[in-house]
Amino acid sequence: MRFALDPEISDFAASIDSLLTRSDLPSVIRAWSAGDTGPGTTVWDRVAETGAAALLIDEDAGGAGATAVEAVVALEVLGRHAVPGPVVETVMVAPRIAAALRETAPDIAGELAGGTPASVAVPGVSPFAPDAHVAAHLWVADDDKVFTGEAGEGRRSVDRARTVTTPTRGEQVGSASTLDLVNHGALGTAAQLMGLGQAMLDMSVAYATQRSQYGKIIGQYQALKHQLAEVAIALEMARPLLWAGALALSENPDDPAAAVRDVSAARVAVADAAYLSARTALQIHGAIGYTLEHDLGLLLTKTRALQTAWGTQGYHRGRVLDCLESAR
């Protein structure tokens, strides 16, 4: 049996990729790191115009009424270009909260569909809300309840273009499955990491075919070929798990427990593959890969930061193990 994306979805991803390729993302990320979020906000507004922010918003609320499959496609492209900001929270998690708050706050869904950024924290799993300083909505979700959040002091993560804060919960504004929110956040992060892993692999291959050492292109050395092949295999083997996680979410909208195993398996496999891609890229680039001036560093640090976003590897391995044991 052959699984493939619909041509419309592939074209949608290509349109986002083309937009971001023309947007000089390395300069945008460096500006964001220096405290100037203007260029990044402009890029995000353009991304929102493609409909990426509206994918999981219901059609009658101004969204696309799409599924997690389409959202994963978009987030992989956004990850490949390391777009700064609370991307996963806005695209994947906030729409689920907006749906839960539809009766009490019907305008939120439309705002999100238009690209309004949002940030979310889940104590115990994902306690840090990313980039709350640019988010129009900040929520804390815990024990199937949703609260408004008040941002605390922002702290820089290892990714210089990522600020995190531990928000203080305010009043309860509604109820939503915390498990469902964690599933969406974890899968969205996996999609981002898939894009980052592929971008670093592409950058490594390009560098290996250009850099000479001892009078020979380094990409001709068998050891480097093996390293790059291992990364390519790891990413390719993780991709079906990513699609399985997306299908599990889209096919079980009212039963988040049914998607736990596939989502966490995807999160673990993709994060491991992306981390391998980062380590290999740094080894192949050598000393230049450590410098702030090289674009590789923008991808390396974001990959490292996302390794613990929306659950650690240990947390997700534990969820997979629990599912397997309960199925005995």
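In which order do the 3 strands of the open sheet lie, and is their pairing parallel or antiparallel? The order is β2-β6-β5, and the pairing is antiparallel. The legends below refer to a predicted model.

**Figure 1. Close-up of the open sheet formed by β2, β6 and β5.** In this sheet of 3 strands, the edge positions are taken by β2 (129-130) and β5 (155-156), each of which pairs on one side only. Strand β6 (residues 163-165) runs antiparallel to β2 and is joined to β2 by 2 bridges. Within this part of the sheet, A129 stands opposite T165 in β6. As general background, strands of a sheet pair through backbone hydrogen bonds, either parallel or antiparallel.

**Figure 2. Close-up of the open sheet with strand order β1-β3-β4-β7.** This sheet has 4 strands, and its pairing is mixed. Its edge strands are β1 (118-121) and β7, each pairing on one side only. On average, and with direction ignored, neighbouring strands of the sheet are turned by 35° against each other. Helix α5 packs on the sheet and touches β1, β3, β4 and β7. The direction of α5 makes about 80° with that of β1.

**Figure 3. Close-up of the hairpin of β3 and β4.** Strand β3 (residues 137-142) and strand β4 (residues 145-150) are paired in the antiparallel sense, over 4 bridges. One position in this pairing is given by W139, whose bridge partner in β4 is T148. The hairpin has 2 residues between the strands, and D143 adopts a positive phi near 55°.

**Figure 4. Close-up of the pairing between β4 and β7.** Strand β7 (residues 168-175) pairs with β4 in the antiparallel sense, and 5 bridges are found between these strands. Two positions serve to locate the register. F147 stands opposite Q172 in β7, and V146 stands opposite G174 in β7.

**Figure 5. Close-up of the packing of helix α9 against helix α10.** The axes of α9 (residues 260-285) and α10 (residues 296-306) come within 10 Å and cross at roughly 150°. Since this angle is over 145 degrees, the helices α9 and α10 are therefore roughly antiparallel to each other. Their crossing is left-handed. From α9, the contact is made by R267, A274, Y275, A278, A281, L282 and H285, which meet L296, L300, T303, R304 and L306 of α10. The residues of this contact comprise 8 nonpolar, 2 polar and 2 charged.

**Figure 6. Close-up of the packing of helix α4 against helix α5.** The axes of α4 and α5 lie 11 Å apart, and the helices pack at an angle of about 180°. The two helices are therefore roughly antiparallel to each other. On the α4 side the contact is made by A71, L75 and L78, and on the α5 side by V87, V88, V91 and M92. The contact consists of 7 nonpolar residues, with no polar and no charged ones.

**Figure 7. Close-up of the packing of helix α1 against helix α4.** The axes of α1 (residues 7-21) and α4 come within 9 Å and cross at roughly 25°. Because angles under 35 degrees count as roughly parallel, α1 and α4 are therefore roughly parallel to each other. The crossing of α1 and α4 is right-handed. In this contact, I9, F12, A13, I16, D17 and L20 of α1 meet E70, V73, A74, V77, L78 and R80 of α4. The residues of the contact divide into 9 nonpolar and 3 charged, with no polar ones.

**Figure 8. Close-up of the salt bridge between R102 and D58.** The side chains of these residues meet at 3.2 Å, N to O. The pair links distant parts of the chain, its residues being 44 residues apart. R102 lies in the loop between α5 (87-100) and α6 (107-113), whereas D58 lies in the loop between α3 (38-49) and α4 (68-80). A search of the whole structure finds 12 salt bridges. In general terms, side chains of opposite charge can pair when their charged atoms come close.

Key
Residues numbered from 1 in each chain as written. Predicted model: local features only at pLDDT ≥ 70, side-chain atom pairs only at ≥ 80, totals over all residues. Heavy atoms only, no water. Axes fitted to C-alpha atoms, helices over the stretch in contact; angles between N-to-C directions. Parallel < 35°, antiparallel > 145°, perpendicular 65-115°, else oblique. Left-handed = near helix turned anticlockwise from the far one by under 90°. Contact = heavy atoms within 4.5 Å. Nonpolar A, V, L, I, M, F, W, Y, C, P; charged D, E, K, R; others polar. Pairing = 2+ DSSP bridges. Salt bridge = Lys/Arg side-chain N within 4 Å of Asp/Glu carboxyl O.
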